[in-house]
Amino acid sequence: MGQEVDLAFIQAPEHRPNLSINEAGGIPLVDLSPLNSQNSDDPQALVDLVAEIGAACRDYGFFQVINHSVPLEIREKMESTAKEFFALPLDEKKKVRRDEANPLGYYDTEHTKNVRDWKEVFDFYVLDSPLIPASDQTVDRRSKTARNQWPECPHKFRDICNEYAMNVEKLAFELLELISLSLNLPAKRLNGFFKDHTSRIRLNHYPPCPSPDLALGVGHHKDGGALTVLAQDDVGGLNVRRKADGQWVRVKPIPNSYIINVGDIIQVWSNDEYESVEHRAMVNSERERFSIPFFFNPANYTMVKPLEELTDEQNPPKYREYNWGEFRKARAHGNFKKMDVENLQIYHFKISK
Ligand code: OGA
Ligand code: NI
């Protein structure tokens, strides 16, 4: 990328980042140590943890966890192999390039809301080729072409990615159960949706950008899945729109922590009790930045709608049901190409009063 920023990257004035926003009043920090086996004999600690997570989901839609179950060595290996991959010549990376038929692999021209992002990514499914039952007529056959594409180098890239995925998947299930409890549901109430889950890991590389005041690494958006578990490096750049006042706040990098956010599906399941919150990633002119989101998504055949236990006559369902596989496919298409129309959003399924 040259010294001049191509017009395709330039954000509309109202979406340009304020380079001096601060980290004060950031997102809640949650200590997961009550989940460790040696602490599991203290039921009150678990009750307090569930309450803390519930408040974070309700008031911020975002929180940061420490003392989680993912071993640091596994994360470090993932981070260094991601760095090695992005350092390869472009021709090498393009051998595993995403295309219109297969949304997985390497990609360097993603758009968020029709403005190009200052980044390159590598995407893979946690479970390869998520199962689509043959009986399901609503999911078109094209999604069967989605297969992981693995580069030949770096050495052991695939193994390292899979090992990282297994470990973060475990953390994602732990968080899902805590969130379920925080909604006064049984711990495993939501697990069934994730039997053939379509979770995806994305390796993000944000190169230094000569105009960090005009471009963004990822433009403002909400995550369309259930839950996101993000590892960011020490450079920082993630901004979250604070629910209390609508201001953008910076998420301070904390070593070996994960940033968790509620996605659109939890918003729908909880009938707006928990909301998916807007966020974006700033870039900077000096340092490249890496981040690794794990998008925890249900099975393709999941019909997403407000949970019956959380709705009644006083609180009727606020959304019509939709099929996750269809939703995901429509979204992926909108991000692949610059389009003239806004891409699919959950408010398109909102039931008007
Ligand atoms: C995303 C995202 C933020 C970051 O990829 O959906 O929000 O800090 N990334 O990289
Ligand atoms: Ni996101």
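Start with the whole protein chain: six helices and 16 strands. The model is predicted. Of its 353 residues, 55% are buried. Now think about contacts between residues with a separation of 6 or more. Residues 24 or more positions apart account for 79% of them. Switch on the surface. The chain exposes about 16,200 Å², and carbon and sulfur atoms supply 51% of that area.

**Stop 1: the nickel ion**

Select ligand 2, the nickel ion. Which residues coordinate the nickel ion? Three do: His221 through NE2, Asp223 through OD and His279 through NE2. The distances run from 2.1 to 2.2 Å. Along the chain, the donors follow the spacing H-x1-D-x55-H. Are histidine 221 and aspartate 223 buried or exposed? Both are buried.

**Stop 2: ligand 1**

Keep His221, Asp223 and His279 selected, and add ligand 1. These three residues are among those around ligand 1. Add the others: Asn204, Tyr206, Leu230, Leu238, Ala281, Arg289, Ser291, Pro293 and Phe295.

Next, look at the oxygen atoms of ligand 1. One is 2.6 Å from a side-chain N or O atom of serine 291. For histidine 279, the distance from a ligand oxygen to a side-chain N or O atom is 3.0 Å. For aspartate 223, it is 3.3 Å. How much of the accessible area of ligand 1 does the protein cover? On its own the ligand has 290 Å², and the protein covers 95% of it.

**Stop 3: helix H1**

Move to residues 43-59, helix H1. Pick the C-alpha atoms at its two ends: they are 24 Å apart. That agrees with expectation, because 17 residues at 1.5 Å a residue should span 24 Å.

Now show the side chains. Which residues of H1 are buried? They are Ala45, Leu49, Val50, Ile53, Gly54, Ala56 and Cys57. Color what covers them. The cover includes strand E1 (29-31), strand E2 (62-66), helix H4 (157-182) and strand E12 (258-262).

Step just past the end of H1 to glycine 61. Its phi is positive, at about 75°.

**Stop 4: proline 253**

Strand E12, part of the cover over H1, leads to the last stop. Select proline 253, in the loop between strand E11 (248-250) and E12. Proline 253 is partly exposed, with a relative accessible area of 21%. The cut-off for buried is under 20%, so this residue does not count as buried.

Finally, add glycine 236. Glycine 236 and proline 253 are 17 residues apart along the chain, and their C-alpha atoms are separated by 5.7 Å.

How values were computed:
Residues numbered from 1 in each chain as written. Chains lettered and ligands numbered in written order. Predicted model: local features only at pLDDT ≥ 70, side-chain atom pairs only at ≥ 80, totals over all residues. Heavy atoms only, no water. Donors = N, O, S within 2.8 Å, 3.2 Å for Na, K, Ca; no water. Buried < 20%, exposed > 50% of the residue type's maximum accessible area, 1.4 Å probe, protein only. Helix = DSSP H or I, 4+ residues; strand = E, 2+ residues; numbered from the N terminus. Expected span 1.5 Å × (residues − 1). Contact = heavy atoms within 4.5 Å. Areas by Shrake-Rupley, 256 points an atom, 1.4 Å probe, with all protein chains shown as cover. Near = heavy atom within 4 Å. Polar contact = N/O pair within 3.5 Å; in protein donor to acceptor, adjacent residues only side chain to side chain.
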